[in-house]
Amino acid sequence: MLWIGLAPNIIMGNLKLPMINYAIYQLIAVGGLSLSTIIMQLVAGRVKISRLIKVGNLFAFGGLAIGLIFSKNLNIVVMGMLLYSFGLGISNSLIMRLVMTAAGLSQSMLTSLLIFIQTTIFAIGISAANNFCSYYHYSLYSFTLLSFSIACLFSILAIVYAHMNMGRSWN
């Protein structure tokens, strides 16, 4: 999530807001991850995994689209990030589950590999995003435009992965 790496520069650096505002915005923006965990406990086993990945992807994509459209308003951008983190929590947890339950392969190896790949992508992405947003003085628009652009690519990948695993069940 680019938000975690860039929010201090955007909120406290560019917008000159105090740390308490940063903390509140951060709690709201990543609160969707907690909400998604609660929701997943309620729907696990009742809805097809591939459908939930698509729904999570839709929330994430929608949240970033809202942030981009209303990029002049920090409050709306943060609410968009809440929707994004909610969708990310749903999709990512299910993708992790599918990887961990792949037949014939070591769960610990697959999990470690997926986490390594995700961490590498996050590190490279945050570094590149920092350079991009720095060039545009950490404006909300540069952040939301970049986030939305990256989400387009990863949304396609998530949907393809969901289609590849349509037959997989919760067991």
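In the predicted model, helices α2 and α4 pack at an angle of about 30 degrees with their axes 7 Å apart, where axes are lines fitted to C-alpha atoms, for helices over the stretch in contact, and angles run from 0 to 180 degrees between N-to-C directions. Helices (H or I, at least four residues) are DSSP runs, numbered from the N terminus. The crossing of α2 past α4 is right-handed, the near helix being turned clockwise from the far one by less than a right angle. On the α2 side the residues that meet α4 include Tyr25, Ala29, Gly32, Leu35, Ile39 and Met40, and among their counterparts in α4 are Leu74, Val78, Met81, Ser85, Gly89 and Leu94; contact denotes heavy atoms within 4.5 Å. By class, this contact of α2 with α4 has 16 nonpolar, seven polar and no charged residues, with Ala, Val, Leu, Ile, Met, Phe, Trp, Tyr, Cys and Pro counted as nonpolar, Asp, Glu, Lys and Arg as charged, and the others, Gly among them, as polar.

The model is a prediction in which local features need pLDDT of at least 70 and side-chain atom pairs count only at pLDDT 80 or more, whereas totals for chains, interfaces and linings use all residues. Residues are numbered from 1 along each chain as its sequence is written, and side-chain values use heavy atoms, with hydrogens and water left out.

The largest nonpolar core, that is, a set of buried Ala, Val, Leu, Ile, Met, Phe, Trp, Tyr and Cys residues joined through side-chain atoms within 4.5 Å, has 27 residues. Those with the most contacts inside this core are Trp3, Leu6, Ile11, Leu74, Met81 and Phe143. Two or more residues are given to the core by each of α1 (2-14), α2 (19-43), α3 (49-69), α4 (74-100), α5 (107-135) and α6 (140-164), and α1 gives the most, with six residues. Not counting residues up to four places away in sequence, Trp3 touches Ile11, Tyr25, Gln26, Ala29, Leu74, Val78, Met81 and Phe143. Apart from the largest core lies another, of eleven residues, among them Ile49, Ile53, Leu94 and Trp170.

Within α1, the buried residues (under 20% relative accessible area, as against over 50% for exposed and in between for partly exposed, with a 1.4 Å probe and protein chains only) are Leu2, Trp3, Leu6, Ala7, Ile10 and Ile11. Seen down the axis of α1, these residues fall within an arc of 135 degrees, so they line one face of the helix; the arc is that of the directions from the helix axis to the C-beta atoms. The cover over the buried residues of α1 includes α2, α4, α5 and α6. Just after α1, Lys16 takes a positive phi of about 60 degrees.

Polar side chains are also found among the buried positions, including Asn57 and Gln118. Asn57, in helix α3, has a relative accessibility of 9% and, leaving aside its neighbours within four places in sequence, is in contact with Gly87, Ser91, Ser155, Ala158 and Ile159. Gln118, in helix α5, counts as buried at 18% relative accessibility, and touches Asn92 and Met96 when residues up to four places away in sequence are not counted.

Two further residues are partly exposed, namely Ser134 of α5, with a relative accessible area of 35%, and Val160 of α6, with 42%. The C-alpha atoms of Ser134 and Asn14, 120 residues apart along the chain, are separated by 10 Å, while Val160 and Ser50, 110 residues apart in sequence, are 9.9 Å apart in space, C-alpha to C-alpha.
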